[in-house]
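This briefing looks at strand pairing, an aromatic pair and the cysteines of one protein chain. Please keep the sequence and the model to hand while reading.

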Amino acid sequence: GALVGDGWVLTAAHVLQPGTLPTVQGGTTDRSKGMEDLRVRKVFVHPEYRRPEFDNDIALLQLAKRPRFREGLSPLCMPRAGEVGGEPAIGKVGLVAGWGLTEKSGIYTVSKLRYVKVPVLDMERCRRAGYGNWRPKFTENMLCAGEAGKDSCQ
């Protein structure tokens, strides 16, 4: 997830376990150097999120107390409500970061935060892409971005 305000973390709903409060840690990009535990007070999952679809795959975590901002622990810069700009332009490059799995087996995670640059693509390109036997549903509230071999997980 990402710290998006004074005591709020934005994350993907699919990483949460229903009925439990997640563990949130922050303050470093290297897990081996120790991280600060940030206790979660409440979880707000988008009311229209349903597994296994990724539509509305978003949740807000309300922290029990405001974190002390410092180097390594600060909120993302977010656009203000009503700010002009909206959707990222096709071809713009975004940055995906995560501690994601590095193998499809689901057993290898990383100690250092990983980053990858991915271009924003036209939604039709995502809809036409090959996904093997999996047929994901793409909706207008999603963002299409990526390249072959570049992802936040695996």
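Lys 42 stands opposite Gln 62 in strand β6, and this pairing is a convenient place to begin. The structure is a predicted model, in which local features need pLDDT of at least 70 and side-chain atom pairs count only at pLDDT 80 or more, while totals for chains, interfaces and linings use all residues. Residues are numbered from 1 along each chain as its sequence is written, and side-chain values use heavy atoms, with hydrogens and water left out.

**Strand β6 and its partners**

- Strand β6 covers residues 59-63; strands (E, at least two residues) and helices (H or I, at least four) are DSSP runs, numbered from the N terminus.
- Strand β5 (residues 40-45) pairs with β6 in the antiparallel sense over five bridges, where pairing requires that DSSP finds at least two bridges between two strands.
- Strand β2 (residues 8-11) also pairs with β6 in the antiparallel sense, over four bridges, and Gln 62 in β6 is the bridge partner of Trp 8.
- The side chains along β6 alternate, with Ala 59, Leu 61 and Leu 63 pointing to one face and buried, whereas Leu 60 and Gln 62 point to the other face and are not buried; buried means under 20% relative accessible area, exposed over 50%, and partly exposed in between (1.4 Å probe, protein chains only).

**The aromatic pair**

- A search of the whole structure finds one aromatic pair, counted when ring centres of Phe, Tyr or Trp (its six-membered ring) lie within 6.5 Å, with planes under 30 degrees apart called stacked, over 60 edge-to-face and the rest tilted.
- The ring centres of Trp 8 and Phe 44 are 5.8 Å apart and their planes lie at 45 degrees, so this pair is tilted.
- Trp 8 in strand β2 and Phe 44 in strand β5 are 36 residues apart, so the pair links distant parts of the chain.
- Trp 8 is partly exposed at 29% relative accessibility, and Phe 44 is likewise partly exposed, with a relative accessible area of 35%.

**The cysteines**

- The count comes to one disulfide, defined as a pair of cysteine sulfur atoms within 2.5 Å.
- Cys 126 is joined to Cys 144 by a disulfide with an S to S distance of 1.9 Å, and the torsion about the S-S bond is about 85 degrees, so the disulfide is right-handed.
- The disulfide links distant parts of the chain, with Cys 126 in helix α1 (residues 123-128) and Cys 144 in the segment after α1, 18 residues apart.
- Cys 126 is buried at 11% relative accessibility and Cys 144 is buried at 2%, whereas Cys 77 is exposed, with a relative accessible area of 77%.
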